[in-house]
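Let's take a walk through a protein chain together. Keep the sequence and the 3D view open as you read, and click along.

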Amino acid sequence: QVQLVESGGGLVQAGGSLRLSCAASGRTFSNYAMGWFRQAPGKEREFVAAITWSGSTTYCADSVKGRFTISRDNAKNTGYLQMNSLRPEDTAVYYCAAKRGRGVVVITTRFAYDYWGQGTQVTVSA
């Protein structure tokens, strides 16, 4: 079992930056792949970014590619999502997720993830 807690959300102006953190506890964090998802009111939860257990492979959705960077520090049991050049359409609750296994393929579907945090609100004003 892995517990995940997101932090770092807030209100920023368009063009600004935020760094989200996902603190993990429980079993060895390095045994899990990580992903970030977001969900706006009335919308489906959508994939944002994912990273393999070792951090060797990352992938970002087209909507955030070039602006967001996913990373992890297994020694600190923490994952990160650096968000730059934020836009109003980035406004959503952001969730981190963990998936068991040390596979080399990043997973983009939310249904494949085993553990979820409670989410952190990101609001981008125009």
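Is Ser 85 buried, partly exposed or exposed? Find Ser 85 in the loop between S8 and S9. With a relative accessible area of 42%, Ser 85 is partly exposed, because anything from under 20% counts as buried and anything over 50% as exposed. Bear in mind as you look around that this is a predicted model.

Ser 85 has another thing to show you: a positive phi of about 50 degrees, although it is not a glycine. Why point that out? Most residues other than glycine have a negative phi. Asn 77 is also not a glycine and has a positive phi, of about 55 degrees. You'll find Asn 77 in the loop between S7 and S8, and with a relative accessible area of 32% it is partly exposed.

Now for the strands those loops connect to. Four strands make an open sheet in the order S1-S3-S8-S7, and their pairing is antiparallel. On the edges sit strand S1 (2–7) and strand S7 (68–73), each of which pairs on one side only. If you ignore direction, neighbouring strands of this sheet are turned by 15 degrees against each other on average. Zoom in on S3 and strand S8 (residues 78–83): they pair in the antiparallel sense over six bridges. Here you can spot Ser 21 standing opposite Tyr 80 in S8.

Next, the cysteines. How many disulfides does the structure hold? There is one, and it is formed by Cys 22 and Cys 96, with their sulfur atoms 2.1 Å apart. The pair ties together distant parts of the chain: Cys 22 belongs to strand S3 (residues 18–26) and Cys 96 to strand S9 (residues 92–100), 74 residues apart. A disulfide is a covalent bond between the sulfur atoms of two cysteines. The link of Cys 22 and Cys 96 is right-handed, with 60 degrees about the S-S bond. Cys 22 counts as buried, at 0% relative accessibility, and Cys 96 is buried too, with a relative accessible area of 0%.

So why doesn't Cys 60 bond to Cys 96? The sulfur in Cys 96 is the closest cysteine sulfur to that of Cys 60, but it is 15 Å away, and that is too far for a bond. Cys 60 is buried as well, with a relative accessible area of 11%.

Let's finish with two threonines. Thr 52 is in the loop between strand S5 (46–51) and strand S6 (58–60). Being in a loop doesn't tell you whether a residue is covered, so check the value: at 1% relative accessibility, Thr 52 counts as buried. Leaving aside neighbours within four places in sequence, Thr 52 is in contact with residues including Ala 33, Arg 72 and Val 105.

Thr 91 lies in the loop between S8 and S9. At 25% relative accessibility, Thr 91 counts as partly exposed. What does its side chain reach? The side chain of Thr 91 reaches the backbone oxygen of Pro 88 at 2.9 Å, and also the backbone nitrogen of Val 124 at 2.9 Å. Val 124 is one of the residues Thr 91 touches, not counting those up to four places away in sequence; among the others are Ala 40 and Gln 121.

Note on methods:
Residues numbered from 1 in each chain as written. Predicted model: local features only at pLDDT ≥ 70, side-chain atom pairs only at ≥ 80, totals over all residues. Heavy atoms only, no water. Disulfide = S-S within 2.5 Å. Buried < 20%, exposed > 50% of the residue type's maximum accessible area, 1.4 Å probe, protein only. Pairing = 2+ DSSP bridges. Axes fitted to C-alpha atoms, helices over the stretch in contact; angles between N-to-C directions. Contact = heavy atoms within 4.5 Å. Polar contact = N/O pair within 3.5 Å; in protein donor to acceptor, adjacent residues only side chain to side chain.
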